[in-house]
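Please go through the following structure before reading on. The notes below are a briefing on its fold, its ring pairs and one of its loops.

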Amino acid sequence: MKYLAILVKKLKQNISAASRILIAVTVVIVGGAIAFGVYVHPTEADTGIPFGGLSTWIQYCTCTGPGVIAVTVMDLSTTPGTPTNYIYYPGGTILHPEYNIYSLGVWLLGNRSPGGVCMYWVGKICVTWPTDGSMVRVGTSL
């Protein structure tokens with residue numbers, strides 16, 4: 001009987017340790033899934049459609065993910081006078097110096113790819129901000 005009590009005690013300790021490990025693994029898997037859901041991997045990191053111009057508006061994409069923004073650019077590579085909206089994904093877009101992507105009035109130069117979504121809160125729902133593509137890589141002025 002004493003031996004059985006010792007076995008039951010060890011079994012409870014092992015179950016407790018296993019449940020802690022299971023919780024830790026679950027947290028890592030769920031965190032990784034969320035991180036990969038936000039991260040948009042550019043298919044061709046060194047290529048894309050070139051763009052460049054002055055940043056005139058920043059829309060924070062609060063429903064899309066943390067730090068994701070849509071930048072309105074007076075893009076000199078498109079029809080003059082037609083502002084375009086490109087999405088910046090932290091961790092997905094390669095950001096070069098001077099790292100001023102969240103500032104208005106800076107000059108941007110980089111590559112973009114088609115696609116991408118920017119959604120932001122309005123009242124109790126998320127709505128889509130119109131965009132013309134995602135930044136693959138971008139550099140900024142001071």
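**Overview and confidence**

The mean pLDDT of this predicted protein model is 83, and 80% of its residues reach 70 or more; pLDDT is the predictor's confidence in each residue, on a scale from 0 to 100. Over residues 39-45 the pLDDT is below 50, although this stretch still has ten contacts in the model beyond near neighbours in sequence; a contact means heavy atoms within 4.5 Å. Where pLDDT is low, the predicted coordinates should not be read in detail.

Residues are numbered from 1 along each chain as its sequence is written, and side-chain values use heavy atoms, with hydrogens and water left out. Because this is a predicted model, local features need pLDDT of at least 70 and side-chain atom pairs count only at pLDDT 80 or more, while totals for chains, interfaces and linings use all residues.

**Fold and surface**

- The protein has one helix and eight strands; helices (H or I, at least four residues) and strands (E, at least two) are DSSP runs, numbered from the N terminus.
- Read from the N terminus, the order of the elements is α-β-β-β-β-β-β-β-β.
- Of the 142 residues in the protein, 28% count as buried; buried means under 20% relative accessible area, exposed means over 50%, and partly exposed is in between (1.4 Å probe, protein chains only).
- Among contacts in the protein with a separation of 6 or more, 65% are between residues 24 or more positions apart.
- About 9,000 Å² of the protein is exposed, and carbon and sulfur atoms supply 70% of that area; accessible areas come from the Shrake-Rupley method with a 1.4 Å probe, and for residues only the protein chains shown count as cover.

**Nonpolar patch**

- A nonpolar surface patch is formed by Met1, Tyr3, Leu4, Leu7 and Val8, which together have about 590 Å² of accessible area.
- Patches are made of residues with over 30% relative accessible area and no salt bridge, with like charges joined within 9 Å and nonpolar side chains (Val, Leu, Ile, Met, Phe, Trp, Tyr) joined within 5 Å.
- A salt bridge, in turn, is a side-chain nitrogen of Lys or Arg within 4 Å of a carboxyl oxygen of Asp or Glu.
- Val8, one of the patch residues, lies in helix H1 (residues 2-38) and is partly exposed, with a relative accessible area of 39%.

**Aromatic pairs**

- Four aromatic pairs are found in a search of the whole structure; rings of Phe, Tyr and Trp (its six-membered ring) pair if their centres lie within 6.5 Å, and planes under 30 degrees apart count as stacked, over 60 as edge-to-face and the rest as tilted.
- The pair of Tyr88 and Tyr102 is edge-to-face, because the ring centres are 5.9 Å apart and the planes are at 90 degrees.
- Tyr88 lies in strand E3 (residues 84-88) and Tyr102 in the loop between strand E4 (94-95) and strand E5 (107-113), so this pair ties together parts that are 14 residues apart in sequence.
- Tyr88 is buried at 6% relative accessible area, whereas Tyr102 is partly exposed at 37%.
- Tyr120 and Trp129 also form an edge-to-face pair, with 5.8 Å from centre to centre and 70 degrees between the planes.
- Tyr120 counts as buried at 18% relative accessibility, and Trp129 counts as buried at 19%.
- Tyr60, Tyr88 and Tyr102 are linked into a cluster by ring pairs.

**The loop between E4 and E5**

- Pro97 is in the loop between E4 and E5, and Glu98 is found there too.
- A cis peptide bond joins Pro97 and Glu98, with omega about 15 degrees.
- Tyr99 lies in this loop and has a positive phi of about 60 degrees although it is not a glycine.
- Tyr99 counts as exposed at 52% relative accessibility, while Pro97 counts as partly exposed at 46%.
- Where does Pro97 make contacts, leaving aside its neighbours within four places in sequence? Pro97 is in contact with Gly139 and Thr140.
- The C-alpha atoms of Pro97 and Thr140 are 6.2 Å apart in space, and the two residues are 43 apart in sequence.
- Val106 is also in the loop between E4 and E5 and is buried, with a relative accessible area of 4%.
- Not counting residues up to four places away in sequence, Val106 touches Gly53, Leu54, Ser55, Asn100, Thr140, Ser141 and Leu142.
- Val106 and Leu142 are 36 residues apart in sequence, with 6.7 Å from C-alpha to C-alpha.
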